[in-house]
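Biologist: Thanks for sitting down with me over this one. Could we go through the fold together, one question at a time?

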Amino acid sequence: MTTIVLPYMLDFYPLQDEDNTRVHQFYASLREGKLTTTKCKNCGGLFWPPRVACPGCNSDQFEWVELPDEGELYAFTAMLLGAPLGMEKDVPFVLGMVLLDGTEFKVLSRIGNTKYEDCGIGMRVKLETYELEDGRVWFRFVPVD
């Protein structure tokens with residue numbers, strides 16, 4: 001078996017530690033099962049995904065805010081081919097936009113534990129975090145039971 005080492009620029013997930021990203025708190029929160037984002041301390045702007053500079057006032061002073069862990073499926077599609085590197089073997093899978101409860105945020109995410117045929121607009125979903133083989137963490141949404 002041959003192991004192919006991908007150049008970093010082709011790595012789907014960024015480095016997640018404090019030495020490599022200013023949004024490392026996002027990943028630390030995922031490890032605790034929480035979805036978080038940044039809120040500008042200067043103008044109060046709340047943004048998804050987390051930012052390192054405010055698009056409203058250019059401030060780099062943020063606080064971390066926890067987002068709801070449930071929402072509804074706003075739109076969805078199936079990935080049938082052309083999946084990103086490392087996900088080819090998972091095809092087919094569902095991708096969706098999740099409207100988080102009580103927010104205007106629509107989060108693009110993989111929708112796990114379901115088939116395209118079983119999804120519908122308005123379907124309730126909840127956050128699920130998981131650790132990758134290399135120790136990094138990521139998230140997806142899964143149907144609420």
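Modeller: Happy to! First, a term we will need: two residues are in contact when they have heavy atoms within 4.5 Å. Please keep in mind that this is a predicted model.

Biologist: What share of the contacts with a separation of 6 or more comes from residues 24 or more positions apart?

Modeller: Take the contacts in the chain with a separation of 6 or more, using that 4.5 Å limit. Within that set, the part contributed by residues 24 or more positions apart is 49%.

Biologist: Which pattern does the chain follow along the sequence?

Modeller: The secondary structure comes to one helix and eight strands. Read along the sequence, the pattern is α-β-β-β-β-β-β-β-β.

Biologist: Which strands stand at the edges of the open sheet of three strands?

Modeller: The pairing in this sheet is antiparallel, and the order is S2-S1-S3. Each edge strand has a single partner strand, so one side of it is left without a neighbour in the sheet. That describes strand S2 (46-47) and strand S3 (62-66).

Biologist: Which residue in S3 stands opposite Cys-40?

Modeller: S1 and S3 pair in the antiparallel sense, over five bridges. In S3, the residue opposite Cys-40 is Phe-62.

Biologist: Is Thr-37 buried or exposed?

Modeller: Thr-37 belongs to strand S1, residues 36-40. Beyond its neighbours within four places in sequence, Thr-37 has contacts that include Leu-46, Trp-48, Trp-64 and Val-65. Its relative accessibility is 0%, and the limit for this class is under 20%, so Thr-37 counts as buried.

Biologist: How far is a polar atom of the Thr-37 side chain from the backbone oxygen of Phe-47?

Modeller: Phe-47 is also one of the residues in contact with Thr-37. From the backbone oxygen of Phe-47 to that polar side-chain atom, the distance is 2.2 Å.

Biologist: Why is Cys-54 in no disulfide, and how far away is the nearest cysteine sulfur?

Modeller: A search of the whole structure finds zero disulfides. For Cys-54, the nearest cysteine sulfur is that of Cys-43, and a disulfide needs the two sulfur atoms within 2.5 Å. Cys-54 itself is buried, at 2% relative accessibility. The sulfur of Cys-43 does not meet that limit because its distance is 3.6 Å.

Biologist: How are the rings of Phe-26 and Tyr-27 arranged?

Modeller: Both residues are buried, and ring pairs link them into a cluster with Trp-48, Trp-138, Phe-139 and Phe-141. The ring centres of Phe-26 and Tyr-27 are 5.2 Å apart. Their planes stand at 80 degrees, and over 60 is the rule for this class, so the pair is edge-to-face.

Biologist: Over which ring does the charged end of Arg-140 sit?

Modeller: There is a lysine example to begin with: Lys-106 lies over the face of Tyr-74, at 4.8 Å from the ring centre. The charged end of Arg-140 is 5.6 Å from the centre of its ring, that of Tyr-130.

Biologist: And how far apart in space are Glu-72 and Gly-44?

Modeller: Glu-72 is in strand S4, residues 70-79, and is partly exposed, with a relative accessible area of 32%. Its contacts, leaving aside neighbours within four places in sequence, include Met-97, Asp-101 and Arg-124. Glu-72 and Gly-44 are 28 residues apart in sequence, and from C-alpha to C-alpha they are separated by 26 Å.

Definitions and conventions
Residues are numbered from 1 along each chain as its sequence is written. This is a predicted model: local features need pLDDT of at least 70, side-chain atom pairs count only at pLDDT 80 or more; totals for chains, interfaces and linings use all residues. Side-chain values use heavy atoms; hydrogens and water are left out. Helices (H or I, at least four residues) and strands (E, at least two) are DSSP runs, numbered from the N terminus. Buried means under 20% relative accessible area, exposed over 50%, partly exposed in between (1.4 Å probe, protein chains only). A polar contact is a pair of N or O atoms within 3.5 Å; within protein, one must be able to donate a hydrogen and the other to accept it, and residues adjacent in sequence count only if both atoms are side-chain atoms. Two strands pair if DSSP finds at least two bridges between them. Rings of Phe, Tyr and Trp (its six-membered ring) pair if their centres lie within 6.5 Å; planes under 30 degrees apart count as stacked, over 60 as edge-to-face and the rest as tilted. A charge sits over a ring if NZ of Lys or CZ of Arg is within 6 Å of the ring centre and within 35 degrees of the ring normal.
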